[in-house]
Amino acid sequence: MTLLESLKRYTTVVADTGDIDAIARHRPQDATTNPSLLYHAAQMPAYQHLVDEAAGVAAEHGGSQEEMAEEFIDRLFVLFGCEILKVIPGRVSTEVAARLSFDTEATIAKACKLIALYEAKGIARERILIKIASTWEGIRAAEQLEKEGIHCNLTLLFSFAQAVACAEAGVTLISPFVGRIYDWYKKEHGGAEIPPDQDPGVASVTRIYNYYKKFGYKTQVMGASFRNINQIIRLAGADLLTISPELLDQLEQTEGVINRALDPETANTSTDIRLHLDEKTFRWMHNEDAMGTEKLAEGIRKFNADARRLQEYASTQVGSLTSC
């Protein structure tokens, strides 16, 4: 048995890539994308037909260069999502632009548009997760979307306050970033490696998982942003784990058995009490977490930078058509 086969006994494996061939090779249940992954995938000759189709639709849509670029990105996300859904049995996560992270109404509008584009392609909304940053405004948008039957993946999640608020909002899925949490604490400790059994990213996801299971929340926990397979092994049993192709390769090429680390039966030993967060309490609790505050802000900036790069690429693609 390989480590990947062993992991799949306890945890739903998600491919963290826009490369459809890599997804097909590893046979995950779900897949997730973001502007950076999509930008890299769009450069591959195998997907040029998707780029051409998105550019053509955007050019027909018309408007300013910026409006056509935005339309191109929306269409490209959906086209890649549709292709990914052909090779996986589960769901694909499609991201709302990071620049909308503090705008509840705009996030809802963008999510509804993406779902409408998928449904026009014959894809049921049950197979889509709308990916939204875990700001207070993003969580409120997700709460409303869930009531409308649009399922959400709350990303850039670092603090316990974010996790509690997401569970109370009834979101489908959260993506706590294991590797980025580890990076922050490693830097705080002068760059020294942290022993695997003291990994703060693993500890954060473990705490959230136990809290959710202890109090019966249905929100699923999907660990994300891994730096090594040790982090993955120590979170075996999480509802889902989204893993890069490089780490999936390591797991698939290594023989061995992974023991379950997270289990609903042991979650009751959690010492956390149940919390109820209004906006003021959420903002204060999140603010008191220096790592969570810094990494959320940095993550939104990075996601937005990736989106701008994709938008620049979109402008060149649409511009080449409109100038003809």
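## Strand β8 and its neighbours

Strand β7 (residues 220-223) pairs with β8 in the parallel sense, over two bridges. In this predicted model, G223 stands opposite L241 of β8. Strand β1 (residues 12-16) also pairs with β8 in the parallel sense, here over four bridges, and T12 stands opposite L240.

These pairings belong to a wider arrangement: a closed barrel of eight strands, running β1-β2-β3-β4-β5-β6-β7-β8 with parallel pairing. From one strand to the next, the twist averages 30°. Elsewhere in the barrel, strand β3 (residues 92-95) and strand β4 (residues 128-133) pair in the parallel sense over four bridges, and the bridge partner of T94 in β4 is I130.

## The two faces of β8

In a regular strand, side chains alternate between the two faces of the sheet. In β8, both faces are covered: L240 and T242 are buried on one side, and L241 and I243 are buried on the other.

Take T242, which sits in β8 (residues 240-243). Its relative accessible area is 4%, so T242 counts as buried, the cut-off being under 20%. Leaving out residues up to four places away in sequence, T242 touches V14, A15, D16, T32, M222, G223, A224, S225 and F226. For I243, with neighbours within four places in sequence set aside, the contacts are L7, V13, V14, A15, D16, F226, I232, L248 and L251.

## The nonpolar cores

I243 has a further role in the packing picture. The largest nonpolar core holds 91 residues, and F72, I130, I174, Y212 and I243 touch the most other members. Helix α5 (residues 65-85) gives the most to this core, with 12 residues. Apart from it lies another core, of 12 residues, including I181, W184, M291 and I300.

Helix α5 itself is mostly covered, with 15 of its 21 residues buried. From its first C-alpha to its last, α5 reaches 30 Å, close to the 30 Å expected at 1.5 Å a residue.

## How the helices lie

Helix α8 (residues 160-169) lies across β5 (152-157) and β6 (173-176), and α8 runs at about 170° to β5.

Two packed helices are described by the angle between their axes and the distance between the axes. For helix α7 (residues 136-147) and helix α14 (residues 279-287), the axes come within 11 Å and cross at roughly 135°. Angles from 115 to 145 degrees fall in the oblique class, so α7 and α14 are oblique to each other. W136, E137 and I139 of α7 make the contact with E279, F282 and R283 of α14.

## Two helix residues to compare

N210 and R301 make a handy pair to look up in the viewer. N210 lies in helix α10 (residues 200-214). With a relative accessible area of 14%, N210 is buried, because that value is under 20%. Once neighbours within four places in sequence are left aside, N210 is in contact with A267 and S270.

R301 lies in helix α15 (residues 290-322). R301 counts as exposed because its relative accessibility is 54%, and exposed means over 50%. To tie R301 back to the strand pairing at the start, look at G223: R301 and G223 are 78 residues apart in sequence and 21 Å apart in space, C-alpha to C-alpha.

Key: Residues numbered from 1 in each chain as written. Predicted model: local features only at pLDDT ≥ 70, side-chain atom pairs only at ≥ 80, totals over all residues. Heavy atoms only, no water. Buried < 20%, exposed > 50% of the residue type's maximum accessible area, 1.4 Å probe, protein only. Contact = heavy atoms within 4.5 Å. Core = buried A, V, L, I, M, F, W, Y, C linked by side-chain atoms within 4.5 Å. Pairing = 2+ DSSP bridges. Axes fitted to C-alpha atoms, helices over the stretch in contact; angles between N-to-C directions. Expected span 1.5 Å × (residues − 1). Parallel < 35°, antiparallel > 145°, perpendicular 65-115°, else oblique.
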